[in-house]
Amino acid sequence: MKIGLALSGGGVRGVAHAGVIKALQEHGILINQISGTSAGALVGALYAKGIEMEEIFHFFEKSTLFDPRKIAFKQAGFIKSSVFTEHLASYIPENSFDSLEIPLTVAATDLNAGKLKIFKEGDLYLPILASAAFPGIFTPVEIEENTYVDGGVLNNFPINLLEACDLKIGSYLNKVDLSKQKFKHSYDVAGRAYTINQYQQDKAKFSQCDLLIEPDLFNYGLFSFNAMKDIFQIGYETASQGLKNTTIFDE
């Protein structure tokens with residue numbers, strides 16, 4: 001039985017994916033294919049390389065995202081995406097999709113063509129960084145004279161990129177709190193509108209999952225670095241409960 005795992009975007013909330021995978025491993029579930037966008041692409045690559053979940057947690061913990069040396073001046077973003085190549089290479093020494101133990105598909109957005117770009121072979125580092133280049137925060141990534149940004153712009157939940165899988169598991173980190181809220185600022189309204197729009201697009205794909213793991217991460221933002229341990233644990237506990245309640249792996 002071929003099992004696929006799709007990992008959504010979510011900024012530092014991507015640490016929850018590591019918690020989800022830890023639960024899958026404890027239940028003896030072997031993943032045969034991975035698709036990832038943004039933070040999901042990062043976690044997916046590390047997992048596909050065979051790196052332990054605690055080490056993936058440390059990957060995020062040690063990223064020193066807002067180190068002054070990473071600040072981009074007079075560029076199309078606040079943080080230089082390219083400076084993370086060394087950090088990624090310290091965990092995955094070979095710059096190649098072929099070096100991974102599990103096949104990986106990564107989604108990025110071609111900023112000029114306005115199309116989704118799928119990477120699953122050739123060089124590894126730049127496609128991963130491109131997939132995670134959140135617009136306006138990280139500088140775009142140039143690959144073969146094309147300009148790429150975060151795959152979440154066009155496909156934040158790449159469950160549809162899993163091919164020929166008997167079972168598909170989705171780990172989705174952008175669940176929206178639909179309870180009544182008060183909005184004090186214009187950017188709160190704009191952010192809420194963007195989030196709802198993205199969630200509705202992603203939600204349309206949920207039916208493609210044989211098992212959907214959707215942690216409640218309402219209280220954590222894209223850059224909630226101080227809460228990474230809590231985020232990891234929520235991902236783990238949500239997945240553990242979901243696996244306890246399903247029988248799809250008993251067939």
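Biologist: Why is E54 called partly exposed?

Modeller: In this predicted model, E54 has a relative accessibility of 39%, and because the term covers values between under 20% for buried and over 50% for exposed, E54 counts as partly exposed. This residue is found in helix α3, residues 53–61, and its C-alpha lies 9.9 Å from that of V15, although 39 residues separate E54 and V15 in sequence.

Biologist: What makes C165 and C209 buried?

Modeller: Buried means under 20% relative accessible area; C165 has 16% and C209 has 13%, so both values meet that cut-off and each cysteine counts as buried. As for disulfides, which are covalent bonds between the sulfur atoms of two cysteines, the structure holds zero.

Biologist: How do you know that E214 has no salt bridge?

Modeller: A salt bridge needs a side-chain nitrogen of Lys or Arg within 4 Å of a carboxyl oxygen of Asp or Glu, whereas K175, the nearest side chain of opposite charge, is 4.7 Å away from the buried E214. E214, which lies in the loop between β8 (211–213) and α7 (228–244), does have a polar contact of 3.0 Å with the side chain of Y199, and that distance is within the 3.5 Å allowed for such a contact.

Biologist: What makes L154 eligible for a nonpolar surface patch?

Modeller: Patch residues need over 30% relative accessible area, and L154, at 41%, passes that cut-off while counting as partly exposed. Together with L116, I118 and V153, L154 makes a patch of about 280 Å², and L154 itself lies in the loop between β6 (146–150) and β7 (167–171).

How values were computed. Residues are numbered from 1 along each chain as its sequence is written. This is a predicted model: local features need pLDDT of at least 70, side-chain atom pairs count only at pLDDT 80 or more; totals for chains, interfaces and linings use all residues. Side-chain values use heavy atoms; hydrogens and water are left out. Patches are made of residues with over 30% relative accessible area and no salt bridge: like charges are joined within 9 Å, nonpolar side chains (Val, Leu, Ile, Met, Phe, Trp, Tyr) within 5 Å. Accessible areas come from the Shrake-Rupley method with a 1.4 Å probe; for residues, only the protein chains shown count as cover. Helices (H or I, at least four residues) and strands (E, at least two) are DSSP runs, numbered from the N terminus. Buried means under 20% relative accessible area, exposed over 50%, partly exposed in between (1.4 Å probe, protein chains only). A disulfide is a pair of cysteine sulfur atoms within 2.5 Å. Lys and Arg count as positive and Asp and Glu as negative; His and the chain ends are not counted. A polar contact is a pair of N or O atoms within 3.5 Å; within protein, one must be able to donate a hydrogen and the other to accept it, and residues adjacent in sequence count only if both atoms are side-chain atoms.
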